[in-house]
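Q: Please take a close look at how one of the helices in this model packs against its neighbours. A connected account of the residues that form these contacts would be appreciated.

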Amino acid sequence: MDNIGLIFGILGLLVGVFFLFFFIKFGSLWLQARASGCPVGVVEFVGMFLRKLNSRLIIDVLVMAHKAGAPVSIEKLQAHVLARGNVTATVRSLIAADRA
């Protein structure tokens, strides 16, 4: 019986460490996206971290596009960053074309 308690204790500690790491690394970005009305989940942040993408740039551009009313998905922005594209200039041109 003690082994089961130890296993659950270690598992709980690992989950706690994961959430602590997440909120230290991505807490402000998640809060900014949530407050701006852009629902970005934990999975997207973990994916950006594993792909070594600049999550600050992607969230800033996503919020800018959302505030301007341009329909842009986070997956498209991540793909554009992976293709070495200039995401900020692309979204700004989308916004300008949408307003014209």
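A: In this predicted model, helix α4 (residues 74-82) packs against α5 at an angle of about 135 degrees, and their axes lie 10 Å apart. Because an angle that is neither under 35 degrees, nor over 145, nor from 65 to 115 counts as oblique, α4 is oblique to α5. On the α4 side, the residues in contact are Leu77, His80 and Val81, and these meet Val87, Thr90 and Val91 of α5. By class, this contact comprises 4 nonpolar and 2 polar residues, with no charged residues.

Helix α5 (residues 87-99) also packs with helix α3 (residues 55-68); here the axes come within 10 Å and cross at roughly 5 degrees. The crossing angle therefore makes α3 roughly parallel to α5. From α3, the contributing residues are Leu57, Val61, Met64, Ala65 and Ala68. Their partners in α5 are Val87, Thr88, Val91, Arg92, Ile95, Asp98 and Arg99. The contact of α3 with α5 has 8 nonpolar residues, 1 polar residue and 3 charged residues.

Helix α3 spans residues 55-68, and contacts from Leu29 reach into this stretch. Leu29 belongs to helix α1 (residues 2-35) and is buried, with a relative accessible area of 4%. Apart from neighbours within four places in sequence, Leu29 is in contact with Phe45, Ser55, Arg56 and Ile59. As for Ile59, its C-alpha lies 6.9 Å from that of Leu29, although the two residues are 30 residues apart in sequence.

How values were computed: Residues numbered from 1 in each chain as written. Predicted model: local features only at pLDDT ≥ 70, side-chain atom pairs only at ≥ 80, totals over all residues. Heavy atoms only, no water. Helix = DSSP H or I, 4+ residues; strand = E, 2+ residues; numbered from the N terminus. Buried < 20%, exposed > 50% of the residue type's maximum accessible area, 1.4 Å probe, protein only. Contact = heavy atoms within 4.5 Å. Axes fitted to C-alpha atoms, helices over the stretch in contact; angles between N-to-C directions. Nonpolar A, V, L, I, M, F, W, Y, C, P; charged D, E, K, R; others polar.
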